[in-house]
Amino acid sequence: MRFSNMFIPTLRESPAEAEAASHILMLRAGYIRQLAAGLYIYLPLAWRVIGRVNRIIKQEMDAIGAQEISMPAIHPAEIWQKTGRWSEVGEEMFRLRDRGQRDMCLGMTHEEIVTWLASAEIRSYRDLPQTWYQIQTKFRDEARPRSGILRTREFLMKDSYSFDKDEQGLEENYKKHAEAYHRIFSRCGLKFYQVESDPGMMGGATAHEFMAPSPAGEDSIALCAKCGYSANTELAVSVARPQPAESKLQGEPQDIETPEKRTVSEVSEFLGMDTSFFIKSLLMIGEKGPFLALVRGDQELHEKKLHRIAGECRPAQKEEIKDIIGVEAGFIGPVGTKLKMIADPSLKDGVYVSGANRPGFHTKGIKPGVHFKAEWHDIHTAKPGDKCPECGSDIKIESAIEIGNIFKLGTKYSRPLKAVYLDENGKEKPIIMGSYGIGPARIAAAAIEQNNDKDGMIWPRSIAPFDVEIIPLGTDNTEVSSVAESFYNDLSSSGLDVLMDDRNVRPGIKFKDADLIGIPWQIVVGDRNLKDGLVEIKSRKTKETQKTAVKEVVEKLRALIAG
RNA sequence: CGGGGCGUAGCGCAGCCUGGUAGCGCGCCUGCUUUGGGAGCAGGAUGCCGGAGGUUCGAAUCCUCUCGCCCCGACCA
């Protein structure tokens, strides 16, 4: 492909609206343009990257016996009503009516549709197992699209679905997918982790996410370097470090004056005690009324964990706290309260200080379990310095981009949609399902996030839009042009994807654009070196150049790319 | 949905507080010179100042409403 024929609208300056590195670079390097919030046009370079990612995905999916199909993006409401998600899902679903006033939606995922197909066509255990996949556009009216193509309202997704006659079959398919995902993300040149994740509304017991570490990521994950424990912090269990040994908290509970000291940090400073000696008491409003959530002073409540235990709930507002407890926030505590309490296990041992439920006072000497009763559930947010629940060593927390997920669905969809089969004994049973997703655009974005420098992108060779870019300097020099042309022909016919910057522009512009768009290898053809029969092969990543004899270029480059 | 920010030339921004001829840099077009890291000189084009109302002799500027985009949070099958 010739640069002059390709639409690559590079920008000298960063557009104001972009913040994430991948977003800035994709705009600047002429990969994408924004149509509206969360809606992007993929320009030729970006679409080539997506194509390469998809090819890798297809190869690995095919290799585990998955079969590619294509399902509609527009769905009748009826099927979604049968699984209950038509009403569960709210505003995130794009809804519309057809000319006959039938309710329809734009598909946000395809469990319903693929299960409908299975219910219609699968009769016998002999038809199982099956795995079907597609790479197709999904629609979600996100509350807040963000970070360029990381979170959009219309996006490509590889989704596959497995159908088995029993749990053991599901287990095998689940494992096959996990292994295929490892190969896919490795081949795409990404650093990634497989972590335990919250099955959430997908249902089912087991789920994992594949996470590409990046500061631009929306998720955070807890990792143990020693034993390999890894989990999304939405469900990561961690053990808080023990309280310091010296404690001033012997004896029975006693109220102490703490005028105008409300927050844990204020009171801990005032009393000269570590924050881990405090109980943070948070008044929550749940569906069945108010209750207290208790975490240790040095910990943070994780609301999502609390939701799983207590159902829908929210922090109480200032006025509500006064009405319900009778004292302002900052002086509330678990002792003497009639409210239901949910306490984090980090509070189980030790003696504590917490609000006294009267203005200006805290109570010291509180022994959880003795001076108050609570339900014990892990509700704190795992943080650096906490200990691994498996092996006790330090865990670290990293931000990450979710690039793939795998769910064991079980019969969540097969039951309501009556996807059943007859087993060997002629008995009707629901099909056991799994669901597995990958976001190709997120792979591309994560690759940029993980591989860039001040000059631009640095693509992993497997998903780069081109393998090599030829940069002839001085197009009016016939020798330069003819050498560049011969490279272009030879490299192309040897099976490489070649971009040639044949524009009649200054060298600086070609160099800057080449670095920006991030093709892994550059061949610089200039009269300076050509006089000695040499050209330069330059690595985008290391910026190292090797002067190479014209005759050896094709062979050498192929070796470099292969290596 | 809550909080914050921003809408002025293709892009990045100034002007707004204190109302009075709409500006700068880059890009774009023409010509000449230039050609190994975003060239130089000369000339040129480009704006419903996001939109609608209002105040005023007069509004990019003040007021009201509205639309859009970004960021933080909530949400995220």
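## Cysteines, a cavity and a covered helix

In this predicted model, the sulfur of Cys227 lies 3.6 Å from the closest cysteine sulfur, which belongs to Cys388, and that is too far for a bond. Why is it too far? A disulfide needs the two sulfur atoms within 2.5 Å. By this rule the count of disulfides is zero.

Now compare how two of the cysteines sit in the protein. The table gives their relative accessible areas.

| Cysteine | Relative accessible area | Class |
|---|---|---|
| Cys227 | 38% | partly exposed |
| Cys313 | 9% | buried |

Next, let's look for enclosed empty space. Rolling a probe the size of a water molecule over the atoms shows where such space is left. How many cavities of 30 Å³ or more are there? The count comes to one, and the largest cavity has a volume of about 30 Å³. Its lining is made up of Leu150, Gly217, Glu218, Asp219, Ala400, Ile401, Glu402 and Arg442. By type, these lining residues divide into four charged, three nonpolar and one polar. Strand E21 (residues 395–410) gives the most to this lining, with three residues.

Finally, turn to helix H1, residues 21–28. Is this helix mostly covered or mostly open? Mostly covered: six of its eight residues are buried. They are Ser22, His23, Leu25, Met26, Leu27 and Arg28. These buried residues pack against several elements, including strand E1 (32–36), strand E2 (39–42), helix H10 (440–450) and helix H12 (507–517). After H1 comes Gly30, which has a positive phi, near 75°.

How values were computed. Residues numbered from 1 in each chain as written. Chains lettered and ligands numbered in written order. Predicted model: local features only at pLDDT ≥ 70, side-chain atom pairs only at ≥ 80, totals over all residues. Heavy atoms only, no water. Buried < 20%, exposed > 50% of the residue type's maximum accessible area, 1.4 Å probe, protein only. Helix = DSSP H or I, 4+ residues; strand = E, 2+ residues; numbered from the N terminus. Contact = heavy atoms within 4.5 Å. 1 Å grid on protein atoms, 1.4 Å probe; cavity = no way out; pocket = protein on both sides within 12 Å on 5 of 7 lines; lining within 4 Å. Points joined across faces, edges and corners; volume = space filled by probe spheres on them. Nonpolar A, V, L, I, M, F, W, Y, C, P; charged D, E, K, R; others polar.
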